[in-house]
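Reader: I would like to go through the side-chain contacts of this model. Can we take them one by one?

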Amino acid sequence: MKKGIHPENYRLVVFKDMSNDEMFLGKSTAETKDVIEYEGETYPLIKMEISSTSHPFYTGKTKLVDTAGRVDKFMNKYKKFAK
């Protein structure tokens with residue numbers, strides 16, 4: 001590996017999956033102003049929309065998330081091409 005290109009300021013942070021409130025502890029250099037108490041200690045908090053505990057590939061459950069009606073817009077746009 002090249003020297004001098006990797007960050008030196010790794011620290012323990014809590015990653016929280018906002019879709020199912022699962023949390024895990026890991027190291028990161030990401031900046032955050034949020035903090036949380038986890039297992040009796042206070043750590044910086046990184047909020048995530050999806051993780052391996054909620055992703056359909058890992059859970060085996062399919063879930064359609066339609067924000068702002070994107071699926072409906074697509075269906076209406078291409079309805080005229082349906083046979």
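**Salt bridges, ring pairs and a surface patch**

Author: We start with one charged contact in this predicted model. Asp-21 pairs with Lys-16 in a salt bridge, and the closest N and O atoms are 4.0 Å apart.

Reader: Is Lys-16 buried or exposed?

Author: Lys-16 has a relative accessibility of 19%. The cut-off for burial is under 20%. Lys-16 therefore counts as buried.

Reader: How many salt bridges does the structure hold?

Author: One is the contact of Asp-21 with Lys-16. Another joins the side chains of Lys-47 and Asp-34. The structure's total is 2.

Reader: What is the N to O distance between Lys-47 and Asp-34?

Author: These two side chains meet in a salt bridge. The N to O distance is 3.7 Å.
The pair links distant parts of the chain. Lys-47 is in strand E4 (residues 41–48), and Asp-34 is in the loop between strand E2 (23–28) and strand E3 (35–38); they are 13 residues apart.

Reader: What is the relative accessible area of Lys-47, and what is the relative accessibility of Asp-34?

Author: Partly exposed covers the range between 20% and 50%. Both residues carry that label: Lys-47 at 49%, Asp-34 at 34%.

Reader: How many aromatic pairs are there?

Author: Ring centres must lie within 6.5 Å to pair. By this rule the count is 2.

Reader: Which kind of pair do Phe-15 and Phe-24 form?

Author: Their centres are 5.3 Å apart, with 20 degrees between the planes. Planes under 30 degrees apart count as stacked. The pair of Phe-15 and Phe-24 is therefore stacked.

Reader: Which cover class does Phe-15 have, and which does Phe-24 have?

Author: Phe-15 has a relative accessible area of 14%, so Phe-15 is buried. Phe-24 is at 38%, so Phe-24 counts as partly exposed.

Reader: Which kind of pair do Phe-74 and Tyr-78 form?

Author: Here the centres are 4.9 Å apart and the planes meet at 45 degrees. That angle is neither under 30 nor over 60 degrees. The pair of Phe-74 and Tyr-78 is therefore tilted.

Reader: Why are Phe-74 and Tyr-78 separated by about one helical turn?

Author: Tyr-78 lies in helix H2, residues 70–78. Phe-74 and Tyr-78 are 4 residues apart in helix H2, so their separation is about one helical turn.

Reader: What area does the nonpolar surface patch have?

Author: Patch members need over 30% relative accessible area. Tyr-78 has 38%. The patch is made by Val-71, Phe-74, Met-75, Tyr-78 and Phe-81, and its area is about 530 Å².

Technical notes: Residues numbered from 1 in each chain as written. Predicted model: local features only at pLDDT ≥ 70, side-chain atom pairs only at ≥ 80, totals over all residues. Heavy atoms only, no water. Patch = residues over 30% accessible without salt bridge, like charges linked within 9 Å, V, L, I, M, F, W, Y side chains within 5 Å. Areas by Shrake-Rupley, 256 points an atom, 1.4 Å probe, with all protein chains shown as cover. Helix = DSSP H or I, 4+ residues; strand = E, 2+ residues; numbered from the N terminus. Buried < 20%, exposed > 50% of the residue type's maximum accessible area, 1.4 Å probe, protein only. Phe/Tyr/Trp six-rings, centres within 6.5 Å; stacked < 30°, edge-to-face > 60°.
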